[in-house]
Amino acid sequence: MRKNIYSMILLCIAVLAVWLAPRIAGEDIERSRYEFVKVVDGDTLIIVHEGTDVKVRLIGVDAPESVHPDESQNTDAGVRASEQLARMLDGSDGVYLEFDEEQYDAYDRLLAYVYLAEDVSFEESLNYRMVSEGYAVNKEYKPNVRYARELETACKEAKESGRGLWKENNKI
């Protein structure tokens with residue numbers, strides 16, 4: 001009985017170590033460069049992927065609507081979020097994409113964490129910046145949750161500090 005308990009404890013420690021190791025070591029996550037084309041809205045942009053224009057949805061981010069087919073869904077906040085993402089990408093001809101568990105959503109959009117440089121921390125991703133600057137909220141899209149806690153914290157801090165769209169109407 002005691003041997004089984006020790007075995008279970010060792011197994012749990014081993015699983016935890018395997019899960020934590022990349023995070024502690026600053027996991028060397030692969031990022032690939034793509035040509036940036038344009039911003040669609042506050043959480044979507046277009047890149048060139050394998051010779052074709054492809055929509056990229058920022059993982060973990062939900063910005064107000066600005067180009068929804070049902071125009072009643074579009075808001076001034078959505079336009080401002082789109083403008084903010086466009087400002088972040090102004091002058092950039094390329095972006096680096098980092099993928100999580102699933103690469104495409106039900107709308108055939110590529111799902112990614114988007115960066116302007118290859119070797120930077122997640123806090124410099126467009127995903128994080130849109131949330132931390134108050135132009136979008138965090139939203140979990142399982143199984144793509146690698147940075148869910150960081151985005152949740154950033155959203156809470158942006159709201160509490162009244163940054164971006166939170167400053168004007170205290171909701172996004």
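This text walks through a predicted model, from its barrel to its pocket, its cavity and its unusual backbone spots.

Start with the barrel. Five strands close it, in the order E1-E2-E3-E6-E5, and their pairing is mixed. Neighbouring strands of this sheet are turned by 60 degrees against each other on average, direction ignored.

Now follow the strand pairs. E2 covers residues 44-49 and E3 covers residues 52-58. The two pair in the antiparallel sense, over 6 bridges. Leu45 faces a partner across this pairing: it stands opposite Val56 in E3. E2 and E3 form a hairpin, with 2 residues between them.

Next comes the step from E3 to E6. Here the pairing is parallel, over 3 bridges. Leu58 stands opposite Ala112 in E6. On to E5, which spans residues 94-98, while E6 spans residues 110-115. These two strands pair in the antiparallel sense over 3 bridges. Tyr96 stands opposite Tyr115 in E6. So E6 takes part in a parallel pairing with E3 and in an antiparallel one with E5, in keeping with DSSP bridges as the test of pairing.

A helix lies over part of this sheet. Helix H2, residues 76-89, lies across E1, E2, E3 and E5. H2 runs at about 150 degrees to E1, the strand of residues 32-41.

Two turns of the barrel deserve a look at the backbone. Most residues other than glycine have a negative phi, and most peptide bonds are trans. Glu50 departs from that sign, with phi near 55 degrees. Glu50 sits in the loop between E2 and E3, in the turn of the hairpin. Is Glu50 buried or exposed? Its relative accessibility is 73%, so Glu50 counts as exposed, the cut-off being over 50%.

Asp108 also has a positive phi, of about 65 degrees, although it is not a glycine. Its place is the loop between E5 and E6. Asp108 has 57% relative accessibility and therefore counts as exposed.

A further backbone feature lies later in the chain. The peptide bond from Lys142 to Pro143 is cis, with omega near 10 degrees. Pro143 belongs to the loop between strand E7, residues 137-138, and helix H4, residues 148-161.

Turn to the empty spaces. The second largest pocket holds about 260 Å³ of space. Which of its 13 lining residues come closest to its centre? They are Asp41, Thr44, Lys55, Glu65 and Arg109. E1 and E3 each supply at least two residues of the lining. By class, the pocket lining has 7 charged, 4 nonpolar and 2 polar residues.

The enclosed space is another matter. How many cavities of 30 Å³ or more does a search of the whole structure find? The search finds 1. About 50 Å³ of space lies in the largest cavity. Its lining includes Ile59, Gly60 and Tyr113. Also in the lining are Asn138, Lys139, Glu140, Tyr141, Asn144, Val145, Ala148 and Leu151. By class, the cavity lining has 6 nonpolar, 3 polar and 2 charged residues.

To retrace the route: a closed barrel of 5 strands, helix H2 lying across E1, E2, E3 and E5, positive phi values at Glu50 and Asp108, a cis bond before Pro143, a pocket of about 260 Å³ and a cavity of about 50 Å³.

Methods: Residues are numbered from 1 along each chain as its sequence is written. This is a predicted model: local features need pLDDT of at least 70, side-chain atom pairs count only at pLDDT 80 or more; totals for chains, interfaces and linings use all residues. Side-chain values use heavy atoms; hydrogens and water are left out. Helices (H or I, at least four residues) and strands (E, at least two) are DSSP runs, numbered from the N terminus. Axes are lines fitted to C-alpha atoms, for helices over the stretch in contact, and angles run from 0 to 180 degrees between N-to-C directions. Contact means heavy atoms within 4.5 Å. On a 1 Å grid over the protein atoms alone, a cavity is a set of points where a 1.4 Å probe fits but cannot get out, and a pocket is an open set with protein on both sides within 12 Å along at least five of seven lines; lining residues have an atom within 4 Å of a point. Grid points are joined across faces, edges and corners, and a volume is the space filled by probe spheres set on the points. Ala, Val, Leu, Ile, Met, Phe, Trp, Tyr, Cys and Pro count as nonpolar, Asp, Glu, Lys and Arg as charged, and the others, Gly among them, as polar. Buried means under 20% relative accessible area, exposed over 50%, partly exposed in between (1.4 Å probe, protein chains only).
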